[in-house]
Amino acid sequence: MRSIWNGAISFGLVSIPIKLVNATENHAIHFRQIHLADGGRIRYRKVCELDEEEVSGGEIGKAYEDADGTMIPITDEDLAQLPLPTAKTIEIVAFVPADQIDPLQMDAAYYLSANGVPAAKPYTLLREALKRSNKVAVAKYALRGRERLGMLRVVDDVIAMHGLLWPDEIRAPEGVAPEGDVTVRDAELDLADALMDTLGEVDMDSLHDDYREAVEELIAAKASGEEVRPAESGEGGGGKVIDLIAALESSVRAAKKSRGEEDAAVDGEGDGGADEGDMAEVHPIRKTSSGASGKSSAKTSGSAAKTAKKTTHRTPTGKTVTRSGGSAAKKSAPKSTGTKKSTSTAKKSSGSGGSGGSGASGGRSAAKKTTAKKSASSGGTAKKTASSRKRASA
């Protein structure tokens, strides 16, 4: 790697010759400005605004513009005469814990390489001292015409230096924090922790610039004359957050899905409860009076009973007999006493009549004879009652 600065590390009375090498590189794709009409490249020329003539680099110097617009020329000789002890030296001023360096101060990064064989021993000494102390070195150095602040630390087996901004170059974050009191609930913090755990760690070496790769593919396609199709745009993530809890839960589910994990229940979800679409419809219950229903059923049974009492038919002997059975009684009262008696009488008659059709006909004739005997006995009883009444009246 090509060095951009040569000097020495001043470590007390120890001087370590080093070369400064860029530790980073820029992979951004740069574009040129062209004339749209003919594709010609647009170039900038340095022109003096007084005589409007183009000037070369050797004719250009430095000047400081005062507040009133006056130009004060400053030459390289003027700057070289300034007392700058760090002009060619990285001067270590302190050793501090790494956490005392604010990351906001971090600037460009460099590797420090030992310049020559004699520098190997003091270089290794400083490197091992930094390793064992778990500290970083704060140093001053001069680069590109100005004094800068730096931090030296060990990366693998190399001493690296990070350029630091001066403390007065860090702006205070005034008016940046949200205004007013904002309360965060424990449930929201729990979901945020769950999202952090789900996302987990990442291998920093696996991260890459997707946009730069897409630009490279676009350039290659245009160079080969291929048709360039617009890329499918993903779902925008800049929408307004309406429900923070719902957004966190969705983020946890999406993170688990992207990692191939099963979707677990989050904050009470998936506990077997009914979803909104599974709710049964609820209908109002009509108010009914139990007393009224009892009365209506009682009236129905009473009217059925009256109808049963009024049912009459003639017997084979010519007498009119009132029966408590009948079709109306059967419909209104399934457990009618008359029905049971008729059924039992029929069973006895059929049992004595034998089997087959003759048995059935014998049962019917026996039932008729029984009914006739009952009618005759009732008629005899009526005659006896009438004769006794006549005697009493006599």
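**Salt bridges, a pocket and two loop residues**

The side chains of K131 and D157 form a salt bridge, with N and O 3.4 Å apart. The model discussed here is predicted.

Biologist: Where in the secondary structure is D157, the partner of K131?

Modeller: The salt bridge between K131 and D157 links distant parts of the chain, with the two residues 26 apart. K131 belongs to helix 2, residues 120-133. D157 is in the loop between strand 8 (146-155) and strand 9 (158-164).

Biologist: Is K131 buried, partly exposed or exposed?

Modeller: The relative accessible area of K131 is 34%. Buried means under 20% and exposed means over 50%, so a value in between gets the middle label. D157, at 49%, counts as partly exposed. K131 is likewise labelled partly exposed.

Biologist: Which residues are linked with K131 and D157 in a network of salt bridges?

Modeller: Side chains of opposite charge can pair when their charged atoms come close. In this model a network of salt bridges includes K131 and D157. The other residues linked in that network are R127 and E128.

Biologist: How many salt bridges does a search of the whole structure find?

Modeller: One of them joins the side chains of R45 and E54, at 3.7 Å from N to O. Another joins R185 and E188, whose closest N and O atoms are 3.4 Å apart. For the whole structure, the search finds eight.

Biologist: Which class of accessibility does E188 fall into, buried or exposed?

Modeller: Its partner in the salt bridge is R185, and R185 is partly exposed at 49%. E188 has a relative accessibility of 12%. The cut-off for buried is under 20%, so the label follows from the value. E188 counts as buried.

Biologist: And R45, is that residue buried or exposed?

Modeller: R45 takes part in a salt bridge with E54. The relative accessibility of R45 is 58%. A value over 50% is needed for the label, and therefore R45 counts as exposed.

Biologist: Which element supplies the largest share of the lining of the second largest pocket?

Modeller: This pocket has a volume of about 260 Å³ and is lined by 14 residues. L79, L84, A87, G145 and R146 lie nearest its centre. Helix 1 (76-80), strand 7 (135-143) and strand 8 each give at least two lining residues. The largest share, three residues, comes from helix 1.

Biologist: How many residues in the lining of that pocket are charged?

Modeller: The lining of the second largest pocket can be sorted by class. Nonpolar residues number eight and there is one polar residue. The number of charged residues is five.

Biologist: What distance separates the C-alpha atoms of G116 and I18?

Modeller: G116 lies in the loop between strand 6 (106-114) and helix 2, and at 40% relative accessibility G116 is partly exposed. Along the chain, G116 and I18 are 98 residues apart. In space, their C-alpha atoms are separated by 8.1 Å.

Biologist: Which residues does Q105 touch, leaving out those up to four places away in sequence?

Modeller: Q105 sits in the loop between strand 5 (89-97) and strand 6. At 13% relative accessibility, Q105 counts as buried. With residues up to four places away left out, Q105 touches L149, G163, L164, L165, W166, P167 and I170.

Biologist: What share of the residues of the protein count as buried?

Modeller: The protein has nine helices and eleven strands. Its accessible surface is about 31300 Å², and carbon and sulfur atoms make up 53% of that. Of its 394 residues, the share that count as buried is 16%.

How values were computed
Residues are numbered from 1 along each chain as its sequence is written. This is a predicted model: local features need pLDDT of at least 70, side-chain atom pairs count only at pLDDT 80 or more; totals for chains, interfaces and linings use all residues. Side-chain values use heavy atoms; hydrogens and water are left out. Helices (H or I, at least four residues) and strands (E, at least two) are DSSP runs, numbered from the N terminus. Buried means under 20% relative accessible area, exposed over 50%, partly exposed in between (1.4 Å probe, protein chains only). Accessible areas come from the Shrake-Rupley method with a 1.4 Å probe; for residues, only the protein chains shown count as cover. A salt bridge is a side-chain nitrogen of Lys or Arg within 4 Å of a carboxyl oxygen of Asp or Glu. On a 1 Å grid over the protein atoms alone, a cavity is a set of points where a 1.4 Å probe fits but cannot get out, and a pocket is an open set with protein on both sides within 12 Å along at least five of seven lines; lining residues have an atom within 4 Å of a point. Grid points are joined across faces, edges and corners, and a volume is the space filled by probe spheres set on the points. Ala, Val, Leu, Ile, Met, Phe, Trp, Tyr, Cys and Pro count as nonpolar, Asp, Glu, Lys and Arg as charged, and the others, Gly among them, as polar. Contact means heavy atoms within 4.5 Å.
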